[in-house]
Amino acid sequence: MTTPATEPAQQRLPRTLTRDLSHHDGQTVRLQGFVHARRDLGGVQFLILRDVSGVTQCVGSGLTLPLAESSVEVTGKVKAHPKAPGGFEVQVEDFRVISAAVEPAPVEIPKMEWNVNPETMLDYRVVTVRGLKERAALKVQAELVAAFRDHLMTEGFTEISTPKIVSAGAEGGANLFPIDYFGHPAYLAQSPQLYKQIMVGVFERVFEVAPVYRAEEHATSRHLNEYLSLDVEMGFIEDEEDVMSLENRLLAAIMTRLKTTAQAEFDLLGATIPDVPAHIPRITLLDARALVTEKYGHQVGGKDLDPEAERLLCQHYAETEGSDFVFVTKYPRAARPFYAHPDSNADGTPSSEITRGFDLLFRGIEITSGGQRIHDHAMLMDSIATYKLKPETLEGYTEVFKYGMPPHGGFAIGAERLTAKLLGISNVRYARAFPRDRHRLTP
């Protein structure tokens, strides 16, 4: 029976989610959700209802089913059915349309992964994000972020919030989005780096979960112009090894939680949650470049590793040590920002060429950049001059180093990149609900 949406239910049962139907076999339940799919077979109607926890099959007769994606309420008896999603179906006793779709969805949500142009998926993101696999990726990311927060708090970190409108970039360069700030030039923050270092002087151990902005004209499967950055900074360290060890523990905690809270999403996407080694392998940048050349014949240009070198290096460690992760350490100064702490020469003096910076690679791509930062005021001012930056634009940052900053370091994880690599998503744009890339400003 179909009941008009305006007619109140005579007996309001508590809402049951589809994932809990196995606990209600033989009982009458009330479901609320969306019309995921529908069929009419000779007077018998089949409705696949989707809610936040999954999908289930509802079967009735004499039902007037609305368009797909309409929100509806179903009351009926739960019955075990081996061919139904989740092993149970609901035999409809009462059916109400809560809010009817006024036109067909631009794509068929259950089928869109097979026959829809990728750009169409993003053009109609307000609807396509409802797809089971699309929302699974976002669910994994939400659990990943929650695990990030929880573990850092167990290690004595404090969450902070830093400005996203700034007067200068944290890393220099031209990849800044300029804005007009009441007639004054300003920029969207490309990193909370400088602020989180300042806050080390307050809480010693801090983190932030917030968007950052990069005005880079990349149009690749691994770049976004706005992404969610998971930033960490910690004080009173010995060197960058303390920072890498923290990230090692953090990643292990994240993967442990995902196995508990998001295994169903990994199963749906055919992905595997990686094991994190007790000690993630380390290799210097120079040695990494030599390895991929000698073992794979790949010549690496530039100051860093190119995407192919990253892929080959990860392949090597997966094959030789069974690790999906590898730290690349000892980056040259030319490949690191002005605040990167120089490494020590054999005689203990600061190196003019090598820093205590590192990257973390995972399944063929960089997901983290980090290292020890300069904490000495004189050394910092020298570095700013070496990088040909304007000291006056950084005064709000450099001021704190006059007042006893401890040795400190940290890192940042791109949440979308990590999510995409965990789930085997080929384009990082699909690991964000509403991506911003070189060509997309809507929806």
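**Which element gives the most to the lining of the second largest pocket?** That would be helix H4, with four residues. Keep H4 in mind as you go through these close-ups, and remember that the whole model is predicted.

**View 1. A look into the second largest pocket.** The space in here comes to about 660 Å³. H4 (132-154) shares the job of lining this pocket with strand S4 (54-61) and helix H7 (263-268), and each of these elements gives two or more residues. In total, 21 residues line the pocket. If you want to find the middle, look for Val52, Ser53, Gly54, Arg135 and Glu265, which lie nearest the centre. As for what kinds of residues make up the lining, 10 are nonpolar, seven are polar and four are charged.

**View 2. H4 meets helix H12.** Here you can follow H4 to the spot where its axis comes within 10 Å of the axis of H12 (residues 415-423). The two axes cross at roughly 120°. Because of that angle, H4 counts as oblique to H12. The crossing also has a hand: H4 passes H12 in a right-handed way.

**View 3. H4 meets helix H6.** H4 has a crossing with H6 (residues 240-261) too, and here the axes come within 9 Å. What angle do they make? They cross at roughly 130°, which means that H4 is oblique to H6. This crossing is right-handed.

**View 4. Strand S6 and its partners S4 and S5.** Strand S6 covers residues 88-99, and its pairing with S4 is parallel, with three bridges. Strand S5 (residues 71-80) pairs with S6 as well, but in the antiparallel sense and over 10 bridges. A handy residue to zoom in on is Glu89 in S6. Gln57 stands opposite Glu89, and so does Lys79.

**View 5. A three-stranded open sheet.** Reading across this sheet, the strands come in the order S8-S10-S9, and their pairing is antiparallel. At the edges you'll find S8 (165-166) and S9 (178-181), each of which pairs on one side only. How many bridges join S9 to S10? There are four, and S10 takes in residues 184-188. For one facing pair, look at Tyr181, which stands opposite His184 in S10.

**View 6. An eight-stranded open sheet.** This one takes a bit more tracing: the order is S7-S11-S12-S19-S18-S17-S14-S13, and the pairing is mixed. Which strands stand at the edges? They are S7 (158-159) and S13 (282-284); each has a single partner strand, so one side of each has no neighbour in the sheet. Zoom in on S13 and you'll see it run parallel to S14, with three bridges joining the two. Within that pairing, Ile283 has Val328 in S14 as its bridge partner.

**View 7. Lys330, in a loop after a strand.** Stay with S14 (325-329) and step into the loop between this strand and strand S15 (342-344), where Lys330 lies. What is its phi value near? The answer is 60°, a positive phi in a residue other than glycine.

**View 8. A cis peptide bond at Pro443.** For the last stop, go to the segment after H12, where Pro443 has its place. The peptide bond that joins Thr442 to Pro443 is cis, with omega at about -5°.

Methods. Residues numbered from 1 in each chain as written. Predicted model: local features only at pLDDT ≥ 70, side-chain atom pairs only at ≥ 80, totals over all residues. Heavy atoms only, no water. Pairing = 2+ DSSP bridges. 1 Å grid on protein atoms, 1.4 Å probe; cavity = no way out; pocket = protein on both sides within 12 Å on 5 of 7 lines; lining within 4 Å. Points joined across faces, edges and corners; volume = space filled by probe spheres on them. Nonpolar A, V, L, I, M, F, W, Y, C, P; charged D, E, K, R; others polar. Axes fitted to C-alpha atoms, helices over the stretch in contact; angles between N-to-C directions. Parallel < 35°, antiparallel > 145°, perpendicular 65-115°, else oblique. Left-handed = near helix turned anticlockwise from the far one by under 90°.
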